[in-house]
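Hi everyone, thanks for coming. I'd like to walk you through one chain today, so let's put it on the screen and then go through it piece by piece.

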Amino acid sequence: MLRAGGTVAFPTETVYGLGALAFDSAAVARIFEIKRRPSFDPLIVHVAGRAMLDEVVAGVPPAALALIEAFWPGPLTLVLRKSAAIGDLVTAGASTVAVRMPSHPVARALLEAIGAPLAAPSANPFGALSPTHARHVAAHLGARVDLILDGGPAEHGIESTIVALEPRPLLLRPGAIPVEEIEAIAGPLDREAEGAPIVPGRLPQHYSPATRLRVIDPALVAPAQRQGAASLALSHTFGGYDVSRALSSEGDLRVAAARFFETLHELDAMGVVRIDAQPFPESGLGLAIMDRLRRAAARNS
Ligand code: AMP
Ligand code: MG
């Protein structure tokens, strides 16, 4: 199906991706149609190894090599100068391309079988909650996708960390690899993305449920206001809410990240009037979770 220019959703260790041949611009255009994604939103290109990477980028600077050695295959996306083979639609006209090597065995087997890089954003409608199960893809993209490969729940459950390296190392999106681990290899990353392209992972409103969401400690919400609403927190549940979910009873942020989108999908389908989400500590994976929560909350505020 991919060789014929089709689109195939497949599991990765972060979230499910919607793939098409990166060098086939008509196939890449289908991804934008299916997701109703604006063409200013560049895609992440997935590769199986170094040879495929070299087809996609114009060169690999030493700082990128050190990160590749430390974190690939895995949930780190690098923004590097693109090769001539990568079309403008993939990069939204930028001279750089976002690229990563996934670790999920199904994603790797697919890339190796096809022998060519796959452009694959998250397999969800633009701006909506990310899919961490094949059933999320089926529910939200359904028949618009040619095929969905079911690899079970996504291990990390949150998108890749995105880092640009030139002119200086810059964090473009916190994600499944804590920024502290990347800084241990690359040195301090700039967080202020001044002059960097505004890309949708950084739009104030993204990753949104249909239900109104606010970031507030549920413990501070008056009992009368809990009625009809849901709470979402790291390790506590709260009385008085119609439904109350803790992401990890042990307070483990890895477990919380893995269950984050899945739990939001569930709460979003329950017909509650509002979701009250507890603020997360902004270190380690808490930074990536809090980033998603803020953007989800920006939707109706
Ligand atoms: P996703 O839907 O998780 O695959 O997100 C793809 C995201 O990767 C985009 O929304 C951007 O945030 C980021 N991205 C892709 N290409 C570039 C690029 N050339 N420069 C900066 N960020 C990029
Ligand atoms: Mg996405």
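Let me start with a helix. Twelve residues of α10 count as buried, and they are Leu 285, Gly 286, Leu 287, Ala 288, Ile 289, Met 290, Asp 291, Arg 292, Leu 293, Arg 295, Ala 296 and Ala 297. Buried here means under 20% relative accessible area, with exposed over 50% and partly exposed in between, using a 1.4 Å probe and protein chains only. That is 12 of the 13 residues, so α10 is largely enclosed by the rest of the structure.

A quick word on where this comes from: it is a predicted model, in which local features need pLDDT of at least 70 and side-chain atom pairs count only at pLDDT 80 or more, while totals for chains, interfaces and linings use all residues. Residues are numbered from 1 along each chain as its sequence is written, chains are lettered from A and ligands numbered from 1 in the order in which they are written, and side-chain values use heavy atoms, leaving out hydrogens and water. Helices (H or I, at least four residues) and strands (E, at least two) are DSSP runs, numbered from the N terminus.

Back to α10: what covers its buried residues? The cover includes β9 (170–173), α7 (179–186), β10 (213–215), α9 (253–268) and β13 (275–277). The length of α10 works out too: at 1.5 Å a residue, residues 285–297 should span 18 Å, and the end C-alpha atoms are 19 Å apart, which agrees. That expected span is 1.5 Å times one less than the number of residues.

Now for the sheet. It is open, has 9 strands with mixed pairing, and runs in the order β7-β1-β2-β6-β3-β5-β4-β8-β9. The edges are β7 (147–148) and β9, each pairing on one side only. Two strands pair if DSSP finds at least two bridges between them. Packed on this sheet is helix α3 (residues 62–71), which touches β4 (76–81) and β8, with its direction at about 155° to that of β4. For such angles, axes are lines fitted to C-alpha atoms, for helices over the stretch in contact, and angles run from 0 to 180 degrees between N-to-C directions.

At the β9 edge, β8 (residues 161–164) and β9 run antiparallel, joined by 3 bridges, and a hairpin of 5 residues links them. Val 163 has Leu 171 as its bridge partner, and Ala 164 stands opposite Leu 170.

Further in, β5 has a neighbour of each kind: β3 runs parallel to β5 over 3 bridges, whereas β4 pairs with β5 in the antiparallel sense over 4 bridges. Val 99 of β5 stands opposite Val 45 and is also the bridge partner of Leu 78. Of the 5 residues in β5, 4 are buried.

Which residues does Ile 44 of β3 touch? Leaving aside neighbours within four places in sequence, its contacts (heavy atoms within 4.5 Å) include Thr 77, Ala 98, Leu 118, Ile 162 and Arg 173. Ile 44 is itself buried, at 14%.

One last residue: His 104, in the loop between β5 (96–100) and α5 (105–114), is buried at 12%. Beyond four places in sequence, His 104 touches Pro 11, Thr 12, Glu 13 and Gly 151.

Finally, the domain assignment, from an automatic or database source, gives domain 1 (8–186) and domain 2 (213–300). Their contact takes 20 residues from domain 1 and 17 from domain 2. Thanks, and I'm happy to take questions!
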